[in-house]
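Reader: I'm new to reading protein models, so could we go through this one together? Let's begin with helix packing and then turn to empty spaces.

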Amino acid sequence: MTTFAPYAIQTYERCDVLAHFSQDPDCIDRRYLTPEHLQANRQVSLWMEQAGMITWQDSAANQWGRYSSANPQAKTLVIGSHLDTVPNSGKYDGILGVLAPLSLIQYMHDHNIELPFHLELVGFGDEEGTRFGATLLGSCAVAGTWQEKWNTLTDENGISLTQAFIDAGLDINEVHTAARNNANTDDFFEFHIEQGPVLEEQNLAVGVVNAIAGAKRFAVTLKGLAGHAGTVPMPMRQDALAGASEMILAIEKIATQKGIVATVGHLRCLSGAVNVISGATTFSLDIRSIDDALRDETLSLIIEQLHMIADKRRIKMDITPTHQAPAVKCDERLQQRLLDASEKSDIPQFILSSGAGHDTMAMAAICPVAMLFMRCEKGLSHHPAEAIAVHDIEVALKVMFAFIEDYT
């Protein structure tokens with residue numbers, strides 16, 4: 001058993017503990033500002049205190065711990081991820097990124113290791129956006145980019161975000177006090193399961209992230225002409241569903257040719273019946289790349305092709321933007337420190353990008369950022385079958401410790 005093995009086991013077991021804090025007894029479902037979220041914060045706070053940390057919950061219900069340097073004027077490295085989940089989630093997305101660094105701090109506390117900088121750990125309250133529909137609420141509050149329009153958002157039960165703050169014993173008018181800046185946050189680092197199959201394919205436990213893809217999303221509505229399935233000749237049809245089908249294949253082809261990802265994840269025939277030609281159809285478009293210019297170039301080609309298909313089929317098309325986030329580049333200096341830490345730990349150096357969004361994207365507004373990914377079985381995420389290996393946690397702890405040892 002290596003030095004970090006007991007702490008890897010501790011991390012794994014603590015993920016099991018937090019999995020029980022769920023608003024649904026049949027699956028893991030922990031949403032922002034629910035009693036289960038606050039319960040998870042209290043449990044993490046207790047573990048932080050056991051690791052010698054000063055703890056607090058900020059005005060946006062993010063849970064913090066501080067492993068202080070003897071030098072009050074020292075730099076501050078913030079490590080963090082999120083404690084909320086999607087409905088019917090796995091145990092590790094976000095949560096591992098809080099509990100693994102916490103076990104590493106426990107290791108340093110147990111071995112009386114002092115640092116020449118302040119190390120702070122944060123469990124963000126909302127990254128997924130499941131309850132109120134807006135993502136990264138916790139980290140945006142910390143980054144000082146909270147949007148006032150969010151205050152009136154409501155959940156599926158009609159409870160507003162403002163009321164949810166009140167129910168949690170907080171005041172949404174004070175959320176701005178959670179904001180940090182580059183004077184008290186020098187760098188931000190996030191540890192996360194990959195949520196993809198690349199590391200598993202490479203037979204690697206961890207990899208260094210170089211960038212997080214920027215995403216744009218759209219709702220596409222097609223209006224054709226409904227008609228009887230038996231009486232309208234094929235050449236005379238204005239079939240919205242057939243048009244959508246051709247468009248979806250065009251999206252796949254163009255994205256593949258340009259080397260980026262584009263996804264139609266939702267398709268709905270609004271006049272669905274077995275004997276009716278589709279008169280109206282909607283579908284979603286999600287397009288991502290770590291290169292915003294390449295993404296937008298590809299998007300232009302896709303939209304041009306969609307218009308051509310619509311004109312050919314004599315159907316009307318409306319494309320409405322629903323989401324936009326720019327790509328975020330990880331800091332080259334911190335990337336190199338993580339690569340050096342891998343080499344120092346006898347772990348192969350490997351760089352990959354993230355197609356999923358993370359709290360790191362919000363934190364990039366105030367400081368340099370970095371990420372380390374750990375493989376997960378089959379790349380599964382946002383799913384109860386999420387699975388990781390204790391040995392991989394051990395490897396990750398080893399790399400993170402080497403990173404912290406040489407952090408200046």
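Reader: At what angle do helix H1 and helix H3 pack, and how far apart are their axes?
Author: Happy to help! This is a predicted model, where local features need pLDDT of at least 70, side-chain atom pairs count only at pLDDT 80 or more, and totals for chains, interfaces and linings use all residues. Residues are numbered from 1 along each chain as its sequence is written, and side-chain values use heavy atoms, leaving out hydrogens and water. Helix H3 covers residues 96–110, a helix being a DSSP run of H or I with at least four residues, numbered from the N terminus; between axes (lines fitted to C-alpha atoms over the stretch in contact, with angles from 0 to 180 degrees between N-to-C directions), H1 and H3 show an angle of about 135° and a distance of 9 Å.

Reader: Which word describes how H1 lies relative to H3?
Author: Angles under 35 degrees count as roughly parallel, over 145 as roughly antiparallel, and 65 to 115 as roughly perpendicular, with the rest called oblique. The angle here is about 135°, so H1 is to H3 oblique.

Reader: Which residues of H1 touch H3?
Author: Contact means heavy atoms within 4.5 Å. On the H3 side, Leu96, Leu99, Ala100, Leu102, Ser103, Gln106, Tyr107 and Asp110 take part. Their partners on H1 are Tyr7, Gln10, Thr11, Arg14, Cys15 and Leu18.

Reader: How many nonpolar residues does the contact of H1 with H3 have?
Author: Ala, Val, Leu, Ile, Met, Phe, Trp, Tyr, Cys and Pro count as nonpolar, Asp, Glu, Lys and Arg as charged, and the others, Gly among them, as polar. In the contact of H1 with H3, four residues are polar and two are charged. The nonpolar ones number eight.

Reader: How is H1 oriented relative to helix H2?
Author: Helix H2 spans residues 35–50, and its axis comes within 10 Å of that of H1, crossing at roughly 150°. H1 is therefore, with respect to H2, roughly antiparallel.

Reader: Which residues of H2 meet H1?
Author: H1 contributes Arg14, Val17 and Leu18. The residues facing them from H2 are Ala40, Gln43, Val44, Trp47 and Gln50.

Reader: Which residues of H11 make the contact with H1?
Author: H1 (residues 5–19) and H11 (residues 390–405) pack at about 120°, with axes 8 Å apart. From H1 come Ala5, Tyr7, Ala8, Ile9, Thr11 and Tyr12. From H11 come Val390, Ile393, Glu394 and Leu397.

Reader: Which strand gives the largest share of the lining of the largest pocket?
Author: A pocket is an open set of points on a 1 Å grid over the protein atoms alone, with protein on both sides within 12 Å along at least five of seven lines, and lining residues have an atom within 4 Å of a point. This one is lined by 28 residues, with Thr135, Leu136, Arg217, His323 and Ala325 nearest its centre. Strands (DSSP runs of E, at least two residues) S7 (214–223) and S13 (316–325) each supply at least two lining residues. The largest share, four residues, comes from S13.

Reader: Which residues lie nearest the centre of the second largest pocket?
Author: Strands S9 (261–263), S12 (280–289) and S15 (351–354) each give at least two residues to the lining of this pocket. The lining divides into ten nonpolar, eight polar and three charged residues. Of its 21 residues, those nearest the centre are Val261, Arg288, Ser354, Gly355 and Ala356.

Reader: Which residues line the largest cavity?
Author: A cavity is a set of grid points where a 1.4 Å probe fits but cannot get out. The lining of the largest cavity has two nonpolar, four polar and four charged residues. They are Asp84, Thr85, Val86, Ser89, Gly90, Asp93, Ile95, Glu128, His382 and Glu386.
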